[in-house]
Amino acid sequence: MNEKIIKSAERVKNNGEVFTPSRIVKMMLAQPEIQVKIKDLSATFLEPSAGEGAFLVELLKQKMAVSLSKSSSATIYNRNCLIALSSLYGIEYLEDNVEMLVMNMITTFNQLYIQDITNFGKKPNQHVLESAKVIIRANMAQGDTLKYVDANGKPIIFSEWKRVGDSVKRVEYTFKSIIEQSGPTGTVKDATEQIDLFADTDAFADTKKEIQSKFPEYARCKWTDIYKQKLE
Ligand SMILES: C[S@@+](CC[C@H](N)C(=O)[O-])C[C@H]1O[C@@H](n2cnc3c(N)ncnc32)[C@H](O)[C@@H]1O
């Protein structure tokens, strides 16, 4: 397939916009350390300059396949594929790219879900599709990763989709606080040291409590009820 990796010379110059070809993405994600994380449905991934989602879309495809392999019923698959989706985060600066990113994530999720749910002899559950849209819109931010701000200059906010038994608790944090708890900006850690975006490190424990008190609190709910966005 002929993939377009550059839209214009001006965009390359202004924003460093060069998309990664799919075969390179697949090769990079095939690294054993990455595959371990892909097989862990809750392990988080952040694409900080997401473009149209070259990495996130492929991660979604692979995590959806893992969700299917780990599910013994439609009810469990409905939950697992939303857990997998909720682990993927992206930030992109340009508005048209973010629109494509969100659309690509929604289309990929819908296609795979509608196809794979038939393995259990069931029809697609509309609540799964609606909840998926809410997760994608919350996890894909338009903004400047380096300045931690969104398109309006306000702090980028990300939701943690915390597993509580078979339910989920949505908790919001500023992107800045998430980065600060994982070490000085710009440091690259060893694969073995890479931590989850919302890891309960000692350094983050106190700030976490403080930050949480500043956002509306979402009620704990079933994964398929995320679309209701009910507050406590
Ligand atoms: C080299 S492209 C990579 C896109 C995608 N990750 C891929 O592999 O196809 C870099 C992307 O980062 C975006 N970008 C540039 N500066 C950024 C910033 N400060 N914050 C967020 N996104 C940024 C650009 O608009 C562009 O879409």
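In what order do the three strands of the open sheet with antiparallel pairing line up? In this predicted model, the order is β5-β6-β7. That puts β5 (157-164) and β7 (221-222) at the edges, where each pairs on one side only. The link between β5 and β6 is made up of eight bridges, with β6 covering residues 167-174 and the two strands running antiparallel. For a concrete spot to look at, take Ile157: its bridge partner in β6 is Thr174. This sheet also has a helix packed on it, namely α7 (residues 126-139), which touches both β5 and β6. The direction of α7 makes about 135° with that of β5.

Then there is an open sheet built from four strands, in the order β1-β2-β3-β4. Here the pairing is mixed. The edge positions go to β1 (45-47) and β4 (149-150); each has a single partner strand, so one side of each is left without a neighbour in the sheet. The partnership between β1 and β2 (residues 88-92) is of the parallel kind and runs over three bridges. Within it, Leu46 sits opposite Tyr89 of β2.

A helix goes with this sheet as well: α6, spanning residues 95-116, lies across β2 and β3. Strand β3 covers 140-144, and α6 runs at about 165° to it.

Definitions and conventions
Residues are numbered from 1 along each chain as its sequence is written. This is a predicted model: local features need pLDDT of at least 70, side-chain atom pairs count only at pLDDT 80 or more; totals for chains, interfaces and linings use all residues. Side-chain values use heavy atoms; hydrogens and water are left out. Two strands pair if DSSP finds at least two bridges between them. Contact means heavy atoms within 4.5 Å. Axes are lines fitted to C-alpha atoms, for helices over the stretch in contact, and angles run from 0 to 180 degrees between N-to-C directions.
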